[in-house]
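Here are my notes for you to read alongside the model. Keep the structure open and look up each residue as you go.

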There are 2 protein chains.
Amino acid sequence: MKSIIIASTSTVHGSGYLEYLLDELKIHFNSAEEILFIPYARPGGTSHDDYTKTAAKAFKSIGKSVRGLHEYDDPKTAIRNAQGIFTGGGNTFVLVNQLYKNDVLMSIKDAINNGVPYLGTSAGSNICGLTINTTNDMPIVYPPSFKTLALVPFNINPHYLDPIPNSTHMGETRETRIKEFHAFNTQPVIGLREGSWIEVKNNRLTLKGSLEARIFEYGKTPYELPTDSDLGFLK
Amino acid sequence: MKSIIIASTSTVHGSGYLEYLLDELKIHFNSAEEILFIPYARPGGTSHDDYTKTAAKAFKSIGKSVRGLHEYDDPKTAIRNAQGIFTGGGNTFVLVNQLYKNDVLMSIKDAINNGVPYLGTSAGSNICGLTINTTNDMPIVYPPSFKTLALVPFNINPHYLDPIPNSTHMGETRETRIKEFHAFNTQPVIGLREGSWIEVKNNRLTLKGSLEARIFEYGKTPYELPTDSDLGFLK
């Protein structure tokens, strides 16, 4: 049974790393003693080791140990044997580039389809969608492809940000950017606000957290969906 | 003699398209009666025709006609024969993808090196740098490469935005993003605020407009440069 949490962010304002999700993660990773952490997105260019320590500290508070995928000589086998997988945020391009370099995208997908519980935050959530064409990140490296895990039949826009009223800045709003995406692509996009996540239980997709999500479907006016909505209609 | 204007934006808040630059453009395009417009960046997914009309309207006010590159069967020859070239903003990935598709990057570079005056705004400025690794745009299409014209020996970050004080949003600030870029790349980046531009006259590079620019050099603390600064030291 597939079991996935696709979270907008690791951290909500005024709270510690993963803190807002810990109760949920206790249940989600119930069967796992050790979590395999994929540190490839390297936020702020941090090292794989340092980033893994951050994840380990948060999981320690719910009694789980953490090992980084970079610690294994054979990452494919490490993924196949994982009890639970967490991909942290950072730069989506850096993450995807490293996943392709190590040729582990299919291994991760297979593990998840075999029932290994998965958590993604931010960049780690972007890769659950069809492509990373709707990431907010700066394209600081050039990956071999923008295609990702396609665990859900749409794209994710994490850290979704509403337009700032009365802004004098002429750069595009997030909504404008996603509309531009739909000038060249047809799949739906879910704008996930910080504190929201998508829960996947087998083939049931549900919006979770306390906020609404903004839904962008090709050829439709964007609209809001309340929390606890079933997202199974989006494809 | 090389003559280039690399502008942060086409439009500053409260003013019309290109309006803040028109006095400058009268001089810059002094020798040109007709401007060749590259509409490939398609802001908001607008058509090449509609986008060309927007550019034509602005240039009409300084007595210049405009033709879109998409109107020519042979874009390479059109570029070779151009009296002046303007690449408008929009989505940098869409722009670069189309430039590669039509195989015209070298033609544009040759024309500029032969003295054809060039104007870029936003995405049209990004392509003047070494790569588009520091664009702010959403990667809505996958171009064959991130490498661009290298008319200047650094990267551009247009629409440079200072961190918003007291923001509760957990997405990265622009400064953080450019620092991440330098975890993987070494070339300098110029953060050009809206209303600033770089003037290239032969091999002399000068910051223009009324604002400071923020300079990001590999391994250094970012710093401000006042307008009229010589940028020749950056490489």
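**Notes on the model**

1. Let's start with Leu36(A): it counts as buried because its relative accessibility is 4%. (Buried means under 20% relative accessible area, exposed over 50%, and partly exposed in between, with a 1.4 Å probe and protein chains only.) Before going on, note that this is a predicted model, where local features need pLDDT of at least 70 and side-chain atom pairs count only at pLDDT 80 or more, while totals for chains, interfaces and linings use all residues. Residues are numbered from 1 along each chain as its sequence is written, chains are lettered from A and ligands numbered from 1 in the order in which they are written, and side-chain values use heavy atoms, leaving out hydrogens and water.

2. Where does Leu36(A) lie? Find strand β2 of chain A and you have it. (Helices, H or I with at least four residues, and strands, E with at least two, are DSSP runs numbered from the N terminus.) Leaving aside residues up to four places away in sequence, Leu36(A) touches several others, including Tyr72(A), Ile79(A) and Phe86(A). (Contact means heavy atoms within 4.5 Å.) Try the C-alpha atoms of Leu36(A) and Tyr118(A) too: they are separated by 9.5 Å, though the residues are 82 apart along the chain.

3. Next door in the sheet, β2(A) (residues 34–38) pairs with β3(A) in the parallel sense, over four bridges. (Two strands pair if DSSP finds at least two bridges between them.) Opposite Leu36(A) stands Arg67(A) of β3(A).

4. Now look along β3(A), residues 65–68, where the side chains alternate. Val66(A) and Gly68(A) point to one face and are buried, whereas Ser65(A) and Arg67(A) point to the other and are not. That fits the textbook picture: in a regular strand, side chains alternate between the two faces of the sheet.

5. Helix α2(A), residues 48–60, joins β2(A) and β3(A) in a right-handed β-α-β unit. (Right-handed means that, with the strands pointing away from the viewer, the path from the first strand over the helix to the second runs clockwise.)

6. Which residues of α2(A) are buried? They are Tyr51(A), Thr52(A), Ala55(A), Ala58(A) and Phe59(A). These cover an arc of only 120 degrees around the axis, so they sit on the same side of α2(A). (The arc is that of the directions from the helix axis to the C-beta atoms.) Lys53(A), Lys57(A) and Lys60(A), on the other side, are exposed. The cover over the buried residues includes α1, β2, β3, β4 and β5 of chain A.
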